[in-house]
Amino acid sequence: MNASDEWVAMEEQTEEAPQAELQIEKNSSALSLRTHPTVEEYYGNMTAFLSLAIFIASLLTILNICIYSTTVSRLRRHLNKPLRTPSILMVSLYPIISVAALVTILVPYSWFMCHTVMHVMFMVGGPIFRTLLFRYVDSEQNYVKESGGEAVQLSTPPCCCWCLCLPLVVPTKAKLCISRYMVWQMPFWQGSIMLVMNILYYRDIQLYHQVMYFFIPFIVSSIVLGAWSLQITVRMITKLRGDYQLRKKMFCLQLVVMLCKLQYLVLYDQLDGIKMGGEYPINHTVYKQTIINILILVEMVLVSMMVQSAYRTPIQVQIDEVNKDKEITRI
């Protein structure tokens, strides 16, 4: 190699060095915006905004728990044991979501685990709600007897468009078993996926970002199947128990997915266009997740009030009867 070639090579290296340094600076800057701080770093650099957010989040969580306590007290007074347990479990979903949102604000690094808890509330609530629906008519076998072989339409949300060509179906024991499996697959199928995603996120976040999109079709298809089966079941039971506000109860359950999953994902991307926070540790990601979870906490209070209204019916035990039983017991 002659002197001119060596000089050209040295110039290329000197040009590539600043570019490499610039790329490293960009990557570190992006990393500082996306990285979650540790607990020590988070509370050691606390800002006025985060302090106010923690205070508001704590008040909203306490309010939600108070609403929940009032609802449970009413259910315990007015429902017999077969309906009491699943009803209490259903109204318990919303304060648990509130606590998960509060923990996310208190410990930002735990956000994915808390987001998983919110997701789990729907896939656990689905089977519980289906159990409650058939307890309104005593059992699946009793429903078949009471319905008298009346056909059921399958074109219900979220599959109301492409199910128009499907014929009416007469509920039988075998078909109700298929419907049961469509709902019960959610906790097992989605639970396994979310467990794998949590392990990947907290062990190898780069691998998580590479494979996360492959899991989305499986999660969506599982949710659609479960929600479709629940909607069909709600339509079936409503014909026999039309005054039990079943559609309103189903809507409250669907709000878990819409607010804690769909809204979360949409806002998580949309808020990237707004510059918030500063450098690590109190960065853009911390501010973004705090805002989203405060919104979820406000919504959970409103949903809990709606749930309280939806579960006012049925009333199996009147308060007067309870008071009479107490007086008899005292005598």
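From the N terminus on, the elements of the chain run α-α-α-α-α-α-α-α-α-α-α-α. The secondary structure of this predicted model thus comes to 12 helices and zero strands. The chain has 331 residues, of which 43% count as buried. Its exposed surface is about 18,100 Å². Carbon and sulfur atoms supply 65% of that area. Among contacts in the chain with a separation of 6 or more, 77% join residues 24 or more positions apart.

One helix pair was examined in detail. Two packed helices are described by the angle between their axes and the distance between the axes. Helix H3 spans residues 48-78, and helix H11 spans residues 284-310. Their axes lie 10 Å apart, at an angle of about 20 degrees. Angles under 35 degrees count as roughly parallel, so H3 and H11 are roughly parallel to each other. The crossing of H3 and H11 is left-handed. On the H3 side, the contact is made by Phe49, Leu50, Ala53, Ile56, Ala57, Leu60, Thr61, Leu63, Asn64, Ile67, Thr70 and Thr71. H11 contributes Val286, Tyr287, Thr290, Ile291, Ile294, Leu297, Val298, Met300, Val301, Ser304, Met305 and Gln308. By class, the contact of H3 with H11 has 17 nonpolar and seven polar residues. No charged residues take part in it.

Backbone geometry was considered next. Most residues other than glycine have a negative phi, and most peptide bonds are trans. Three sites in loops depart from this pattern.

The peptide bond between Thr313 and Pro314 is cis, with omega about 0 degrees. Pro314 lies in the loop between H11 and helix H12 (319-330). H11 is also the helix that packs with H3.

Asp138 has a positive phi, near 80 degrees. Asp138 is found in the loop between helix H6 (111-135) and helix H7 (140-147). Its relative accessibility is 59%. The cut-off for exposed is over 50%, so Asp138 counts as exposed.

Gln245 also has a positive phi, near 55 degrees. This residue sits in the loop between helix H9 (205-238) and helix H10 (246-270). At 27% relative accessibility, Gln245 counts as partly exposed. Neither Asp138 nor Gln245 is a glycine.

Key: Residues numbered from 1 in each chain as written. Predicted model: local features only at pLDDT ≥ 70, side-chain atom pairs only at ≥ 80, totals over all residues. Heavy atoms only, no water. Axes fitted to C-alpha atoms, helices over the stretch in contact; angles between N-to-C directions. Helix = DSSP H or I, 4+ residues; strand = E, 2+ residues; numbered from the N terminus. Parallel < 35°, antiparallel > 145°, perpendicular 65-115°, else oblique. Left-handed = near helix turned anticlockwise from the far one by under 90°. Contact = heavy atoms within 4.5 Å. Nonpolar A, V, L, I, M, F, W, Y, C, P; charged D, E, K, R; others polar. Buried < 20%, exposed > 50% of the residue type's maximum accessible area, 1.4 Å probe, protein only. Areas by Shrake-Rupley, 256 points an atom, 1.4 Å probe, with all protein chains shown as cover.
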